[in-house]
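Here is a short walk through one structure, written for someone who likes angles and distances. Please take a look at the sequence and the model first, and then read on.

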Amino acid sequence: MLQAPDLPFSVRATNSAMSFARHFGFQKGGLDDEYLLEAAIHKTGLSDFGEDSFRPGFEQLLRSLRDEARLSPLGVMIAQQEILMALGNRLQLQDYHQRHPQMGAAAIEAPIFIIGQGRSGTTIMHELLSLDPTLRVPLTWEVDFPFPPPESDSYQTDPRIEQVQKTLNQADRVLPAFKRIHRMGATLPQECVRFTTGEFASLIFWTNYNVPAYTEWLRTEADMVAVYRYHRRFLQLLQSHHQTGPWVLKSPAHLWSLDVLLDEYPDARFIQTHRDPLKMLASLTSLVTHLRKMGSGEVDPLSIAVEWARWNAWGLNASAEFRSSGRVPPERIVDIDFHEFMNSPLEQLQKIYSHLGLSLEPEVRASMQSYLDKHNAAEHGAHRYTFADTGLDVATERARVQQYQDYFHTPVEIQ
């Protein structure tokens, strides 16, 4: 997306924010642009950020955090750490590419993008596809700590896995109910928006914080060409010492930028999941409301619903326009209904494999079934929400997404 992403970093950052803040004297530096740039340079020992394409988003984000987000002191520290991680990874990515110039020529061949809106089954689909050893899925531990790039020999035992999992376990104790909405794990798949934060053009920041001026900049001014260029460079890094097959990538963020994505990856393949947009809107409003409470004591669910309703419609309707343009040949894209997938996931996965020319081996199918048996709705309890909680009008919101529903014939769940 531009997005309503997977697991926002702020949840994972909470328990280490205090020690990180003490190390850099965050309360003194606050959310000052130059202070954070200097802190990232000090932390990494590097100073070349590469292209200045990240600067407009970085500067607008910080203005919005200072002027609009109504952050608590802890929220300021969480934001500081999130921004420093993005800056630090950007510095190291630039350095690594400079020292290994051949890496920039490495192909990203026929990647598969899961492009459904959030809450339409994309997460469990990504998890199941990650069980296939012939596919390459970015995992949380390697996305958060990609340096040095992961190695095939230690990919399952890298000490960073334990490091990230300990932090996630702490976050689970802080927000125990969050696992009902989204599971967390160091070895679970991660979304593209987590590593494109290095360009500071991602709705992950909107998910974590109330930053309307930043999100408007993101919709109308952000250079998404630079974002996807950075996206490719990050994948080239991750696959440089561990590549098993085509990438399977996921983020609702891509809905807003499908033309630019296809310019960067002309041979891309797509899986688009579909569900009643109003059902997704209600669920996403609940998720964002829950997460923003980490960094602010002033969270307004109605304003979240109003803002997300616009973004939801923009992204879904844009996907209908993109699909109707015919830019992607039919054999390179497959549509999956949320309810059909949840009712018969393995049959729908077989449909995906067959359509995209992949082979679903019996042992992989068995592994997927075992995973489904273990991770079901009873594991953590249901995520409970209603459309009425948004305070929005059903007829008004239905009209917003009519273009999408007419094109894809998505069923109505909310009357």
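In this predicted model, helix 4 (residues 33-44) packs against helix 5 (residues 55-67) at an angle of about 120 degrees, and their axes are 10 Å apart. Because of that angle, helix 4 is oblique to helix 5. On the helix 4 side the contact is made by D33, E34, L36 and L37, while helix 5 brings in R55, F58, E59, L62 and R66. Sorted by character, the residues of this contact are 4 nonpolar and 5 charged, with no polar ones.

One residue of that contact, F58, leads on to the aromatic side chains. Searching the whole structure gives 19 aromatic pairs. Among them is the pair of F58 and F200, which is edge-to-face, with 5.2 Å from centre to centre and 70 degrees between the planes. What does this pair tie together? F58 belongs to helix 5 and F200 to the loop between helix 9 (159-174) and helix 10 (204-208), so the pair ties together parts that are 142 residues apart in sequence. With a relative accessibility of 1%, F58 counts as buried because the cut-off is under 20%. F200 counts as buried too, at 0% relative accessibility. Both rings belong to one aromatic cluster, formed by F49, F54, F58, F200, F205, Y214 and W217.

Next comes the sheet. It is an open one of 4 strands in the order 2-1-3-4, and the pairing is parallel. Its edges are strand 2 (248-250) and strand 4, each of which pairs on one side only. On average, neighbouring strands are turned by 20 degrees against each other, direction ignored. Two helices pack on this sheet, as the table shows.

| Helix | Strands touched | Direction angle |
|---|---|---|
| Helix 7 (residues 122-129) | strand 1 (112-114), strand 2, strand 3 and strand 4 | about 160 degrees with strand 2 |
| Helix 17 (residues 345-355) | strand 3 and strand 4 | about 170 degrees with strand 4 |

Let us look at one strand pair in detail. Strand 3 (residues 269-274) pairs with strand 4 in the parallel sense, over 5 bridges. Within this pairing, F270 stands opposite I333 in strand 4, and I271 stands opposite V334 in strand 4. Is strand 4 (residues 333-337) largely enclosed or largely open? Of its 5 residues, 4 are buried, so strand 4 is largely enclosed by the rest of the structure. An edge strand, pairing on one side only, is thus not left bare here, because 4 of its 5 residues are buried.

Finally, a few backbone details may interest you. Most residues other than glycine have a negative phi, and most peptide bonds are trans. Against that background, three places deserve a look. A cis peptide bond joins F147 and P148, with omega at about -5 degrees; P148 sits in the loop between helix 8 (140-144) and helix 9. R70 has a phi near 50 degrees, a positive value in a residue other than glycine. Its place is the loop between helix 5 and helix 6 (73-99), and at 39% relative accessibility R70 counts as partly exposed. R119 also has a positive phi, near 75 degrees, and is found in the loop between strand 1 and helix 7.

Methods. Residues are numbered from 1 along each chain as its sequence is written. This is a predicted model: local features need pLDDT of at least 70, side-chain atom pairs count only at pLDDT 80 or more; totals for chains, interfaces and linings use all residues. Side-chain values use heavy atoms; hydrogens and water are left out. Axes are lines fitted to C-alpha atoms, for helices over the stretch in contact, and angles run from 0 to 180 degrees between N-to-C directions. Angles under 35 degrees count as roughly parallel, over 145 as roughly antiparallel, 65 to 115 as roughly perpendicular and the rest as oblique. Contact means heavy atoms within 4.5 Å. Ala, Val, Leu, Ile, Met, Phe, Trp, Tyr, Cys and Pro count as nonpolar, Asp, Glu, Lys and Arg as charged, and the others, Gly among them, as polar. Buried means under 20% relative accessible area, exposed over 50%, partly exposed in between (1.4 Å probe, protein chains only). Two strands pair if DSSP finds at least two bridges between them. Rings of Phe, Tyr and Trp (its six-membered ring) pair if their centres lie within 6.5 Å; planes under 30 degrees apart count as stacked, over 60 as edge-to-face and the rest as tilted.
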